[in-house]
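Open your viewer, switch on the side chains, and let's take a walk through this model together. At each stop you will hear what to select and what is there.

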Amino acid sequence: ALWTKSCTMLAAVIQRGPRLAARSAPAPLGTLVGRTRTMFTFETLPDEVSMVRDMSRQFAEAELYPAAGDIDAQHKFPEKIVKKLADLGLLGIVVPEENGGAGMSTMAYAVSLEEISRGCASTGVIMSANNSLYCAPVLKYATEEQKEEWLTPFAKGEKLGCFGLSEPGNGSDAGAASTTAVEDGPDHFFLNGTKAWITNAHEASAAIVFATTDKSKKHKGISAFLVPCDAPGFSLGAKEDKLGIRGSSTANLILDNVRVPRANLLGKPGEGFKIAMTTLDGGRIGIAAQALGIAQASLDVATKYAAERTAFGAPISSLYAIQLKLSKMACAIEGARLLNWRAAAMKDAGEDFTKEAAMAKLVASEAATMCAHQCIQVLGGMGYVTDMPAERFYRDARITEIYEGTSEVQHLVIAGKLLKEAAKADIPMPAAPKKLH
């Protein structure tokens, strides 16, 4: 019955048609503030977004809550659950309907992914990688002919995609790609190299691979390619044995003379670095949503346990030390959530959201780690064993401060944008007090 209700809710949203795109972001109450800051405030989520949020929450509580512990313990890819996500349209949520997606907004994506991640962070990152790292750049940069082959089946969830940017030797230095693409006549390239830490590697049917086509141009000589994972010379490394998000596969992509048609170039030659950076901007909204889901789950468990656990003749929720922890967790979550909603609203409005997405990802990921840590503290010994999910929340939270740009990189992005804005804005300085004689 719940499954039928969820599908009915999704159908109701999609049938709203073109109005969804126009109304999917919360209407801003404030707009431009000063010369360097854009402020969005929210009264409530639009009806369509609220329906998607409710549907995702019901799905998480019915399907993910019972399964998340086993998915983690068994390092098991949740194939049946991912198929249900596809049936709900959540694997191509922002892709237009004509390209196989649900035609929803970034805001709908953010609230949906938070609820899915609240139920299971592994499922959340599978959903995030397919939406943010694969479908989004293909939607933005592919030709119409390419979209038919490389987008539609992935937005429908018939196939999964992955994003091959990181390498064993470059980490946060995305411009130092050692993977090469050498021309083989006028119509093909040979790709050679290794990509590391690739989410969905073992389940993906295609990868966006970034390779250097002109070393003399440095980062402007990187190009992006759409590569089928069954191509001759394409192989996978062993699955990484990770601390958290164990239900998603993470592995190397190994390219040994993989011959790719020139028609598989995504965007123009030399645009690869730009494609990667704009993709990561949007991806950070997804990771912030995943982090928020982990943080909210931590608060939920800590609050319930504190109300039920008795010590010194009363529930531990009556102790100030416990109340302080719960209050700090709630404040951190609400602040991070509003930052992420602002970034999503700005993206939907077509504004530059790079700084805001970095802020949301930074604050939400740090909130996730803090909340998971405090959840363990509230539970005490029970927080340290697998009988309760607190220890899983902590293990899952840690990665959110690392992938799609470490916290340190987010600070660089934010500060860089602030300094550029300040240079353009000619901000007046307050006058010094007059000297008294």
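Start by selecting Phe163, which is buried, with a relative accessible area of 8%. Keep in mind throughout that you are looking at a predicted model. Now add Phe210, which is buried too, at a relative accessible area of 0%. The ring centres of Phe163 and Phe210 are 5.1 Å apart and the planes meet at 70 degrees; because planes over 60 degrees apart count as edge-to-face, that is the name for this pair. Colour the two strands to see what the pair joins: Phe163 belongs to strand E3 (residues 161-164) and Phe210 to strand E6 (residues 206-212), 47 residues apart.

How many aromatic pairs are there by the same rule? The count comes to three. For another of them, select Tyr134 and Phe154: their ring centres lie 4.6 Å apart with the planes at 40 degrees, so this pair is tilted. Here distant parts of the chain are linked, with Tyr134 in helix H7 (residues 121-141) and Phe154 in helix H9 (residues 152-155), 20 residues apart. Are these two rings buried or exposed? Tyr134 is buried, with a relative accessible area of 0%, and Phe154 also counts as buried, at 2%.

Next, move to the strands. Select E5 (residues 188-199) and E9 (residues 250-261), which pair in the antiparallel sense over nine bridges. Within this pairing, look for Thr194, which stands opposite Ile254 in E9. Then add strand E8 (residues 234-236), which pairs with E9, again in the antiparallel sense, over three bridges. Here Phe234 stands opposite Leu255 in E9.

Stay on E9 and pick Thr250, which is found in this strand. Thr250 counts as buried, at 5% relative accessibility. Show its surroundings: beyond neighbours within four places in sequence, Thr250 is in contact with Trp197, Ile198, Ala238, Lys239, Glu240 and Lys242. What does the side chain of Thr250 make with the side chain of Lys242? The two side chains make a polar contact, at 3.2 Å. Select Asn200 as well: its C-alpha atom is separated from that of Thr250 by 6.3 Å, although the residues are 50 apart along the chain.

Now for the nonpolar interior. The largest nonpolar core has 40 residues, and those with the most contacts inside it are Leu90, Met107 and Met127. To display the elements that give two or more residues to this core, select helices H3 (47-64), H4 (68-73), H5 (79-87), H6 (106-119), H7, H10 (272-308) and H11 (320-348). The largest share, seven residues, comes from H6. Zoom in on Met127: not counting residues up to four places away in sequence, Met127 touches Leu85, Leu90, Leu91, Tyr109, Ser112, Leu113 and Ile116. Apart from this core lies another, of 39 residues, among them Ala306, Ile316, Leu339 and Ala368.

Finish with the cysteines. How many disulfides does the count give? It comes to zero. Select Cys331, which counts as exposed at 54% relative accessibility. Cys371 is in no disulfide, and the nearest cysteine sulfur, that of Cys375, is 9.0 Å away. Cys371 is buried, with a relative accessible area of 0%.

Technical notes. Residues are numbered from 1 along each chain as its sequence is written. This is a predicted model: local features need pLDDT of at least 70, side-chain atom pairs count only at pLDDT 80 or more; totals for chains, interfaces and linings use all residues. Side-chain values use heavy atoms; hydrogens and water are left out. Rings of Phe, Tyr and Trp (its six-membered ring) pair if their centres lie within 6.5 Å; planes under 30 degrees apart count as stacked, over 60 as edge-to-face and the rest as tilted. Helices (H or I, at least four residues) and strands (E, at least two) are DSSP runs, numbered from the N terminus. Buried means under 20% relative accessible area, exposed over 50%, partly exposed in between (1.4 Å probe, protein chains only). Two strands pair if DSSP finds at least two bridges between them. A disulfide is a pair of cysteine sulfur atoms within 2.5 Å. Contact means heavy atoms within 4.5 Å. A polar contact is a pair of N or O atoms within 3.5 Å; within protein, one must be able to donate a hydrogen and the other to accept it, and residues adjacent in sequence count only if both atoms are side-chain atoms. A nonpolar core is a set of buried Ala, Val, Leu, Ile, Met, Phe, Trp, Tyr and Cys residues joined through side-chain atoms within 4.5 Å.
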